[in-house]
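Trainee: I'd like to learn how to read salt bridges in a model. Can you walk me through it?
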Amino acid sequence: MPILEEAWALLHSRVPQPHRRLVESEGLFVEDDGEMTIRCYDERACVFVVYEDGIARCSIQRAAEAGEISWPKPISCHLFPIRVRGKQRDQLRYERFTECDPAVELGEHLDIPLVDFLREPLVRAFGQSTFDAIKARSDAVRGGTD
């Protein structure tokens, strides 16, 4: 995953010191269910996380927005808190994280369904027609017609 190693070289000085120490001692990646994933600090926050006003943000995304790197964050991160699972990789599952509760509460207050909040990464990962199908299903369930 050379592109992530390049991102780390650029961004490591921006992340919290404990994240840097972890990567220095144990490496940037960890094997998880037979796949390589980005290491997380304290089995929670990705080592690329930075905190802005107490909110976890992706340093990769911030660097892309600033034009410092030319690619977006990994799709698995963009989809968060949705995980792609299953032998055929065709199961989308919401994983609840207590640190995301404020965002979930805000989405409920503003009546923004998760599918709408994640439109961009869902289209990026699966295409517009698949997003449209997911959205139609979500709308049907929300409307109580199913």
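Mentor: Sure. Keep in mind that this model is predicted. A search of the whole structure turns up 10 salt bridges.

Trainee: What is the general idea behind such a pair?

Mentor: Side chains of opposite charge can pair when their charged atoms come close.

Trainee: Okay, which residue forms a salt bridge with Glu52?

Mentor: That's Arg62, and the closest N and O atoms are 2.9 Å apart. Glu52 sits in strand β5 (residues 49-52) and Arg62 in helix α3 (residues 59-65), so the pair ties together parts 10 residues apart in sequence.

Trainee: Is Glu52 buried or exposed?

Mentor: In between, actually: Glu52 is partly exposed, with a relative accessible area of 31%. Arg62 is partly exposed too, at 28% relative accessibility.

Trainee: Which residues are linked with these two in a network of salt bridges?

Mentor: Arg57 and Glu65 join Glu52 and Arg62 in that network.

Trainee: Which parts of the chain does the pair of Asp116 and Lys135 link?

Mentor: Start with the contact: Asp116 and Lys135 form a salt bridge whose closest N and O atoms are 2.9 Å apart. Asp116 belongs to helix α6 (residues 114-117) and Lys135 to helix α8 (residues 128-143), so this pair links distant parts of the chain, 19 residues apart. Asp116 counts as partly exposed, at 29% relative accessibility.

Trainee: And how far apart are the closest N and O atoms of Arg96 and Asp101?

Mentor: They are 2.7 Å apart in that salt bridge. Arg96 counts as exposed, with 54% relative accessibility, where the cut-off for exposed is over 50%.

Definitions and conventions. Residues are numbered from 1 along each chain as its sequence is written. This is a predicted model: local features need pLDDT of at least 70, side-chain atom pairs count only at pLDDT 80 or more; totals for chains, interfaces and linings use all residues. Side-chain values use heavy atoms; hydrogens and water are left out. A salt bridge is a side-chain nitrogen of Lys or Arg within 4 Å of a carboxyl oxygen of Asp or Glu. Helices (H or I, at least four residues) and strands (E, at least two) are DSSP runs, numbered from the N terminus. Buried means under 20% relative accessible area, exposed over 50%, partly exposed in between (1.4 Å probe, protein chains only).
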